[in-house]
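Me: Please take a close look at one part of this model, the place where two of its helices pack against each other, and set the salt bridges around it in context. I would like one connected account rather than a list.

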Amino acid sequence: RRVEEWQRVDRLALAADAVLVDAARAQQGRWRVLAVVEDNCGDSLNTVPWLARLMEQMPDAQLRLIRSAAGRGLMDAFRTYDGRAATPTILLLDGDFRLVGCIIERPEFLRRWGASHRDVSSDSLHT
């Protein structure tokens, strides 16, 4: 349904910011990211292509995407600030598969920014 939007965001995400890549590479060890996503989810659409580009630039990192049907248990265990199961649910795991961090739906700073700009239409956020 949203193939063209995913392709557009993917083109925008051609290269992750060099500062971000350098900071990520500075972390020692092997990293794994497990993301529960849906292709019709706007937050997945605006997050996953950027995450994929970052992961491509990290030689010892792995990214696995799963649909919400397979990841329902993770979505139930890691809910949004208001208690909802949501996509994307992104888990950062270390080399031993221990949880290091997670992002649910969107990073906290983006959630706060969005809350302070509620008068902006959601359509304008996707352009």
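Reply: In this predicted model, the secondary structure of the chain comes to six helices and four strands, and read from the N terminus the elements follow the order α-α-β-α-β-α-β-β-α-α. The chain has 127 residues, of which 33% count as buried. When contacts between residues at least 6 apart in sequence are considered, 70% of them join residues at least 24 apart.

The part to examine closely is the packing of helix 1, residues 3-12, on helix 3, residues 42-56, where the axes are 9 Å apart and the angle between them is about 40°. Since angles under 35 degrees would count as roughly parallel and those from 65 to 115 as roughly perpendicular, helix 1 is therefore oblique to helix 3. The crossing of these two helices is right-handed. On the side of helix 1 the contact is made by E5, W6, V9, D10 and L12, while helix 3 contributes S44, L45, N46, V48, P49, W50 and R53. Sorted by class, the contact between helix 1 and helix 3 holds seven nonpolar, two polar and three charged residues.

Two residues of this contact, D10 and R53, also form a salt bridge with each other, in which the closest N and O atoms are 3.0 Å apart. Because D10 belongs to helix 1 and R53 to helix 3, the pair ties together parts of the chain that are 43 residues apart in sequence. The two partners differ in accessibility class: R53 is buried, with a relative accessible area of 13%, whereas D10, at 29%, counts as partly exposed. For R53 the assignment follows because the cut-off for buried is under 20% relative accessible area.

The other salt bridges give this pair its context, the count for the model being 11 salt bridges. One of them joins E38 to R67, with the closest N and O atoms 2.8 Å apart. This pair, too, links distant parts of the chain, since E38 sits in the loop between strand 1 (31-37) and helix 3 while R67 sits in strand 2 (residues 61-67), 29 residues apart. Here E38 is buried, at 14% relative accessibility, and R67 is partly exposed, at 47%.

The surroundings of R67 can be described further. Apart from its neighbours within four places in sequence, R67 is in contact with V36, V37, E38 and D39, so that its salt-bridge partner E38 is one of the residues in this group. The C-alpha atom of R67 is separated by 9.0 Å from that of T87, a residue 20 places away along the chain.

A further salt bridge is made by the side chains of D94 and R98, at 2.9 Å from N to O, and D94 is buried, with a relative accessible area of 14%. Returning to the two packed helices, salt bridges that share partners join D10, R53 and E56 into one network. The pair that links helix 1 to helix 3 is thus set among the charged residues of that network, and D10 and R53 are at the same time part of the contact between the two helices.

Note on methods. Residues are numbered from 1 along each chain as its sequence is written. This is a predicted model: local features need pLDDT of at least 70, side-chain atom pairs count only at pLDDT 80 or more; totals for chains, interfaces and linings use all residues. Side-chain values use heavy atoms; hydrogens and water are left out. Axes are lines fitted to C-alpha atoms, for helices over the stretch in contact, and angles run from 0 to 180 degrees between N-to-C directions. Angles under 35 degrees count as roughly parallel, over 145 as roughly antiparallel, 65 to 115 as roughly perpendicular and the rest as oblique. A crossing is left-handed if the near helix is turned anticlockwise from the far one by less than a right angle, and right-handed if clockwise. Contact means heavy atoms within 4.5 Å. Ala, Val, Leu, Ile, Met, Phe, Trp, Tyr, Cys and Pro count as nonpolar, Asp, Glu, Lys and Arg as charged, and the others, Gly among them, as polar. A salt bridge is a side-chain nitrogen of Lys or Arg within 4 Å of a carboxyl oxygen of Asp or Glu. Buried means under 20% relative accessible area, exposed over 50%, partly exposed in between (1.4 Å probe, protein chains only).
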